[in-house]
Amino acid sequence: MAATTRREFLKVAGAAATVGAVGFPAVARGQAKPGVPSDPVKIGVLAIRAGIAAPVGQAGLRGTEWWVERVNKAGGILGRPVQLVVEEESTPKDTVERYRKLILQDKVEVVIGGISTGVTLALGPVAEEMEVPWLSWDGTTQKGVEETMPNPKWAFRSVDNEVEAIVAGQLTPKYFKGIKTVAGIGNDYSYGHDCWETYQAVLKRYIPDVKFVLELFPKLGVTDFTSHIAAIQQAKPDLLMCSFWSGDATIIMKQAAAVGLFKGMKGVFTTAGGVHDSLKKEFTPEGLLLGYNTMYFDDPKGSPLLKQFVREYKAKYNEYPAYECDHAYFDIESYRVAVEKAYATTKKWPSKAEVVKALEGIEVDSLSGKRSWRADHVQMCNFYQGVTTHKNGYDFVTIDPIEVVSTKTAMKPAGAKLIEWINGWKI
Amino acid sequence: MGGVFHAAILFLVAAGLQLVFGVQKIFNLACGSCYALGAYTGISAVAFFTGHGGSPALFVIPLALGGLAAGLVGLVVERGLLRFVYDRDETFQLLLTFALVLMLEDLIRLTWGTAPATTGGLYLAYGQVRLLGAAVPVYNLIVIAASLAIALGMGFMLTRTAFGRIIRAAADNREMAEALGVDMRSVYARVFTLGTMLGTLGGALVIPATAAMSEMGIELIVEAFAVVVIGGLGSMRGAFLGALVVGVLRSMAISVYPELEMLLIYLIVIAVLLWRPRGLFGAPAA
Amino acid sequence: MRTAVVLGGVGAAVLLLPLVAPPYYAILMLPFMAYGVVLLGFNLLFGYTGLVSFGHALFIGVGAYTGAVLTTRLGVRHMELILPAAALAAAVVAAPVGALCVRYVKIYFGMLTLAFGMVFYTFLLKFYRLTGGDEGMRMLRPSLLGSEWTSFNKTAYLVGPYYYFSLAVLVLATVVMWRIVGSPFGLCLRTIRDNPLKAESLGVSVPRYRWSAFMISAVYAAVGGALLAPPTGNVDPTLAYWTHSGNVVFMVLLGGFASFFGPLVGAFAFIFLQDTVMSVVPYWRLIFGAVLAFIVIFAPGGLMGLFASRRAPVEAGRG
């Protein structure tokens, strides 16, 4: 399914025969609860459609669409059908313009989405100015947020993205012994830089005399890492930490395998789980530490919801879902639950401010299990990382053993400063 | 060594650029888009081949053929669009190629979607060898060898064949060549198609090592531009040496001082344009 | 007389737009006005002096980043200071760059400007600590005429005070450019464009005049760039990328480079066409590429060229 125009997309979201050019789902009108308007509730979505990170944006969009189909089949939110209005997330400047369009032109009730840190940092202040709730999928590194969104009222930020670097840093000494020298490679923007800084800070707490011998930051979108790999080989570290999270993770894995990079060193891929099913066994060795962010598709302890989602996703797209689906599902599901919670007290469709109040502290069942919004508008969830293995029935790697770490321990508490907090741990 | 692989690909694209510029005096901005088109076509060709039971070990053949076939789009472009502006100011010709860049980028998206496409693990199908103490994928060596062969083939064609002589004559003095009875329309069509094919082939050959994205041409064109400026506009030897310079320097820059990377290349381009505008091998600047 | 009526009508429409149209369209006018300034300057170089710069996005970037740096790093919020600062920054960069570039013509000029543009882009991209790298920098809401307009939320600010401020800048820029173009200096530029040798023989220093045109166009581009940033509040390196320069050339061609008002028409057409196309179909580049191809092949005079061909020849040769 490749919805090319928004109109086409709305038809799909309706998941049924449409009425006219505007897609109305197969929910009979007039079933809205008392105090609730009968026209559809418009939800704006910002998703990456093109470029190296397109697979991740696509995962988020697919997760959202799956949710919409289910919810609309069950009658919508309080009987109101859901209508998605999708815009592309690209550069910060252009995405801000589209965000504004969603609110001013399309008059959406809430905007959901945003993956890349550069974009979400630009959107934060705009969300506050436009006074419409914005639930971010991903992409808010906490250092930047301190400057741009210190006390958000309308913006709901993703989990601190350095958490995966923190978890990876804690697991590294557990699984890899005798590490003395480390090299790092990440994308050249705040996420890549902040992850590296965080990983270094965490590792130093466990291995005080570790030496960081090389750091490389190719731009997001580069497809040729052969020179970078050569530089890494020259530096001869014991371990390479890589925070790539989209198609470039697959590329670097392939190019590394072509020269046997990981035959001589350990590898930590904090976030490559975002493209996990493209990490084929042919070029992805066993024994790497691999992070799947908040959702691991093959979790043996996974809920029936997760299992059903994975099954239907595979049947529809012939791919296995990645963590962005979970962020997307959580965001839009929490919106629904918040609306219903606010309705329960006011018996009217809640205003945007009432939705915001209801969202704070709310906990819902997401694909990966229970997730919640902290009072300071930050997501709380679990993180999954593990050691790659070829012992499975797929043509790509999975992880065994699976480490599950909660943000309760791996994310800095509200109001704390990241590096100070790390340095204050009791080891 | 990675630098040489990149240089081999750059050479193919730059050679296509040089051929077109030398004869038609048009700087084809769309050569980067041809690169992208060749990449996607190559992937489709390989997928078709392996999907119908072709042995993965032979994937290089459908890849290269797919790349070359994509080059035929050059004929369509030349006959359908470019020939209307041959008598115009070169600014307009340049802008038409820019229009092509825009159109091709979206056409690629329309046809193949927006997610990056790859040939999976086929890159490693031929294994590696140890060269000068480093492991080098055999595929890289195949591409470098192919590129060298094409370079030699181009050289041979230009100096020894009738077509090559016509190309050089047309490049030197179009009016004279026409006066001597050369059918410029046919020459232009063939030259442009050949130039496009070199670009699409380059795109197809690079793909196993990386991934195809619809914007891959936009980035490459600036590198190709650097190659032809350094090598000298219109010169095949210039394309060869220019590609080596750019490919290897970029590779070295990343190892030494990563911030520099392309910055170094652009500074060299400016330096060349200021002090020796004709580059290494180009004709003296007008 | 007819021009006056048309201008008057257009002027009235623009003045009244924020009051009658939905805020979204008023906000859409803002990049039009910013690009209008940029293109007026660009066309001095292109239409009047005959030099195609493929790196003009450099100066747009300089202007935009000047605004960002001033508001976020140096605490300067007055737009009345930011615009001259952007102009000054552009002049400082354009002086040496222009001096080097104008010694060359045609394709070499285009290539040099493209290379300089990409040098700046790479600088903005790679020096992450200084410039914010790929994700760019924020630009905070500037104060206009001394007031922060805090009682206005962002939308009301953009549709109100900022709209009229930008409009005033555009009008001022247009008037100044009209004077430049009509002056002896402008006449010299046209002579240099049409016949450089003759110009030299008449005692006109060709490189000197080209350099001046280059400087003016750079200053205009930076002022436009500084105007471009506040609505989104964000500047990023793609502002300086070569395809952005390409779009600038496209806009001028779309409107018509042979007419004084062509660039403004082109900016307007481009912005609104892009918005319309993008909401219907995601493949706007395909349509735009086709439009550009059409213009290049069939209507090189652009939109103004299409109008002019229907008017008396006397009028068509203006500007």
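**Chain contacts in a predicted three-chain model**

Trainee: What area is buried between chain B and chain A, and what share of it do carbon and sulfur atoms give?

Mentor: The buried area between chain B and chain A comes to about 2100 Å², with carbon and sulfur atoms giving 59% of it. Please keep in mind that this is a predicted model.

Trainee: Which residues of chain B lose the most area to chain A?

Mentor: They are Leu124(B), Met213(B) and Ile254(B), which together account for 21% of what the chain B side buries.

Trainee: How many residues are in contact there, counting both chain B and chain A?

Mentor: On the chain B side there are 26 residues, in contact with 25 residues of chain A.

Trainee: And how many salt bridges lie across the interface of chain B and chain A?

Mentor: The rule finds one salt bridge across that interface. Lys219(A) pairs with Glu219(B) in a salt bridge, and their closest N and O atoms are 2.9 Å apart. For polar contact, the rule finds eight residue pairs across the interface of chain B and chain A, with both residues at pLDDT 80 or more.

Trainee: Which elements of chain B each supply at least two residues of the side that touches chain A?

Mentor: Helix 1 (2-24), strand 2 (134-137) and helix 11 (236-256) of chain B each do so. The largest share, three residues, comes from helix 11 of chain B. By class, the side of chain B that touches chain A comprises 13 nonpolar, ten polar and three charged residues.

Trainee: Turning to the other partner, what do chain B and chain C bury between them?

Mentor: Chain B and chain C bury about 4000 Å² between them, and 78% of that is on carbon and sulfur atoms. Of the area that chain B buries against chain C, Leu95(B), Phe98(B) and Leu274(B) supply 15%, more than any other three residues. In residue terms, 43 residues of chain B are in contact with 42 residues of chain C.

Trainee: What about salt bridges between chain B and chain C; what is the count?

Mentor: The count there is two salt bridges. The side chains of Glu105(B) and Arg285(C) meet in a salt bridge at 3.7 Å, N to O. The count of residue pairs in polar contact between chain B and chain C is eight, both residues being at pLDDT 80 or more.

Trainee: Which elements give two or more residues to the side of chain B that touches chain C?

Mentor: These are helix 5, helix 10 (216-231) and helix 12 (261-275) of chain B. Helix 5 of chain B gives the largest share, 15 residues. The side of chain B that touches chain C has 33 nonpolar, one polar and nine charged residues.

Trainee: How do helix 5 of chain B and helix 11 of chain C cross, and how are their axes placed?

Mentor: Helix 5 of chain B covers residues 90-112 and helix 11 of chain C covers residues 242-255; their axes come within 11 Å and cross at roughly 115°. The crossing of these two helices is left-handed.

Trainee: Which residues meet in that contact between helix 5 of chain B and helix 11 of chain C?

Mentor: From helix 5 of chain B, Phe92(B), Leu95(B), Phe98(B) and Leu102(B) take part. They meet Trp242(C), Thr243(C), Gly246(C), Asn247(C), Val249(C), Phe250(C) and Leu253(C) in helix 11 of chain C. The residues of this contact divide into eight nonpolar, three polar and no charged.

Trainee: How many salt bridges does a search of the whole structure find?

Mentor: Over all chains, the search finds 25 salt bridges. One pair is Asp188(A) with Lys126(C), the closest N and O atoms being 3.7 Å apart.

Trainee: Where do Asp188(A) and Lys126(C) lie?

Mentor: Asp188(A) lies in the loop between strand 6 (181-185) and helix 7 (190-206) of chain A, while Lys126(C) is in helix 5 (residues 106-126) of chain C, so the pair joins two chains.

Trainee: A change of topic, to the backbone: is the peptide bond from Asp400(A) to Pro401(A) cis or trans?

Mentor: That peptide bond is cis, with omega near 5°. Pro401(A) is found in strand 15 (residues 398-406) of chain A.

Trainee: And what is the phi of Lys25(B)?

Mentor: Lys25(B) has a positive phi of about 60°, although the residue is not a glycine. Lys25(B) sits in the loop between helix 1 and helix 2 (31-51) of chain B.

Notes: Residues numbered from 1 in each chain as written. Chains lettered and ligands numbered in written order. Predicted model: local features only at pLDDT ≥ 70, side-chain atom pairs only at ≥ 80, totals over all residues. Heavy atoms only, no water. Axes fitted to C-alpha atoms, helices over the stretch in contact; angles between N-to-C directions. Helix = DSSP H or I, 4+ residues; strand = E, 2+ residues; numbered from the N terminus. Left-handed = near helix turned anticlockwise from the far one by under 90°. Contact = heavy atoms within 4.5 Å. Nonpolar A, V, L, I, M, F, W, Y, C, P; charged D, E, K, R; others polar. Buried area = accessible area lost by both parts, 1.4 Å probe. Salt bridge = Lys/Arg side-chain N within 4 Å of Asp/Glu carboxyl O. Polar contact = N/O pair within 3.5 Å; in protein donor to acceptor, adjacent residues only side chain to side chain.
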